[in-house]
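Visitor: I am new to this one. Please show it to me, and then let me ask about its pockets and its rings.

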Amino acid sequence: MDLRYWLPKAAEVAERWGERFGPLEPHPSHLVDEAAFAAAFERFAERLEHNYPFFHPRYAGQMVKPPHPAAVVGYLTAMRFNPNNHAYEGGPATNDMERECVAQLAAMFGLPAHVGHLTSSGTIANLEALYVARQSHPGLGVAYSREAHYTHSRMCHVLGVQGHAVAADAEGRMDTGALEELLRTGRVGTVVVTCGTTGAGAVDPVHEILPLARRYGARVHVDAAYGGFFALLASDDALAASLDVDTAPWRAIAGCDSVTVDPHKHGLQPYGCGAVLFADPDIGRHFAHDSPYTYFTDAELHLGEISLECSRAGASAAALWLTLQLLPLTARGLGAGLAASRRAALAWARRIEDSAELTLYQRPQLDIVTYFPTVAGAPALSAVDAASERVLRQGMADEHDPVYLSVLRVDAADFTRRHPGVRADADGARVLRSVLIKPEAEGWVAPLHARVAALAASATGSPASTVPSAPSAPSAPSAPCVPSTPSAPSPSSAPSFEESAR
């Protein structure tokens, strides 16, 4: 898609529609001098150069990537109308689009019935799910994995609910034995399972936790903000097997009470676009309220009547709707991009396992790869931490051949459980983390690995081995290097690479 062609078309849609209501001159208070705007826009463009190349496979850091061009066109077109999806009269067209999108998301998870809506983020989606948990089981707490996103502990505090962090197993998944021990106390009304932790991409065993929670009368909420769209791969047995995706956790979601998923991650949408789905269509009773000046049109559903948020951008629904017209929620539709990301993660993990410079921290369960520089001799956590820091900073600072990674801090017990040969001389260490959320990463695995391995050798003072390059995929660039990247921020002025909030 060529945005230079479609963005003027987007402007025409609103202009053509507006002509139906008669001529209208803009108010003088809104007029600006063209020359002044040109100068301001030039300054604006210069400010935007202080950024990271999220669109490029060189950026293998956090879980960010550009939205699909269809989403951009859909968002900007609808933004000219500026609909508010809080109430039907705020934007009838985009309210209808949102309901259709939510129905498709519910079908992706196999929910037999549902009610739900889009949100401004995964955090707000999880807040709403935990709010319903509190209302459904007043006085009882919420259990979540120690590896779950900090949203859950924070939102429990906001809601005045006791949160219980449950131990994780050696693969970063919720420990079912520890969970059952907690459930026996009778203090838990809702269990949060995570399908794709933001640290390492671990998938909790939903299929094991669901019957366990039911045995003790607890609800189950699925935080699939990051990994939710991998349900598309699990819907195809042959594809899932080829990608080493365990289908059982994903198929168990259909029996859970609520699900959070973020279309602004693997769903190719601009920020912010989250979603929350409830399996019980009557759950709206927990959101019941009245607004004497808002809900005055007849509508099957006012989205604001089943949410905590009020004003929400109808443009988000428009962008998602248009995208799903072209890339439907199927394994061969939108799922094709996730399959490429999964192949990239598996391929890089294999290279790391065969590498002398890098050590795999744990096997990737989705498309997040965690690893650390191999330290010679009797390695210690402090040495691993320092080497990871050097690789991160050196990769960012190299103007000729940059690579952008992120780090994940793990505590000593988790680290040594996976790598007992490492001496715990500190309370934890940072490991390197690469989120291969862009399907283009599949064609860049070889150059990415070679670059990071060289940086690791430099960081540890080890001689770099010759890393063979794999044949490039058809979509891969002809060469891994570019002359320079002057627009990227310098390490000293860059925002932190630690895990960001949703």
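Visitor: Which residues lie nearest the centre of the largest pocket?

Guide: Keep in mind that this model is predicted. The largest pocket has a volume of about 520 Å³. Its lining counts 26 residues. Nearest the centre are Arg146, Glu147, Ala148, Gly199 and Leu408.

Visitor: Which element gives the largest share of the lining of the largest pocket?

Guide: Four elements give two or more residues to that lining: strand E2 (141-145), strand E8 (358-362), strand E10 (406-411) and helix H15 (412-418). The largest share is five residues, and these come from E10.

Visitor: How many residues of each class are in the lining of the largest pocket?

Guide: Gly counts as polar here, and Asp, Glu, Lys and Arg count as charged. Sorted in this way, the lining of the largest pocket has eight charged, eight polar and 10 nonpolar residues.

Visitor: Which residues lie nearest the centre of the second largest pocket?

Guide: The second largest pocket holds about 400 Å³ of space. Helix H8 (206-215) and helix H11 (247-252) each supply at least two residues of its lining. That lining has 21 residues, and nearest the centre are Glu171, Arg173, Val203, Asp246 and Gln365.

Visitor: How many charged residues are in the lining of the second largest pocket?

Guide: Split the lining of the second largest pocket by class. Eight residues are nonpolar and four are polar. The charged residues number nine.

Visitor: Now the rings. Why is the pair of Trp17 and Phe81 stacked, edge-to-face or tilted?

Guide: A search of the whole structure finds 13 aromatic pairs. In the pair of Trp17 and Phe81, the ring centres are 4.9 Å apart and the planes stand at 50°. Under 30 degrees would count as stacked and over 60 as edge-to-face, so the rest are called tilted. The pair of Trp17 and Phe81 is therefore tilted.

Visitor: How many residues apart in sequence are the parts that this pair ties together?

Guide: Trp17 lies in helix H1 (residues 3-18). Phe81 lies in helix H3 (residues 69-81). The pair therefore ties together parts whose separation in sequence is 64 residues.

Visitor: Is Trp17 buried, partly exposed or exposed?

Guide: Buried means under 20% relative accessible area, and exposed means over 50%. Trp17 has 39%. Phe81 has 34% and is partly exposed. Trp17, too, is partly exposed.

Visitor: Which residues do ring pairs link into a cluster?

Guide: Start with Tyr52 and Tyr59, a tilted pair at 6.2 Å centre to centre, with 35° between the planes. Both Tyr52 and Tyr59 are buried. Ring pairs link a cluster of Tyr52, Phe54, Tyr59 and Tyr404.

Notes: Residues numbered from 1 in each chain as written. Predicted model: local features only at pLDDT ≥ 70, side-chain atom pairs only at ≥ 80, totals over all residues. Heavy atoms only, no water. Phe/Tyr/Trp six-rings, centres within 6.5 Å; stacked < 30°, edge-to-face > 60°. Buried < 20%, exposed > 50% of the residue type's maximum accessible area, 1.4 Å probe, protein only. 1 Å grid on protein atoms, 1.4 Å probe; cavity = no way out; pocket = protein on both sides within 12 Å on 5 of 7 lines; lining within 4 Å. Points joined across faces, edges and corners; volume = space filled by probe spheres on them.
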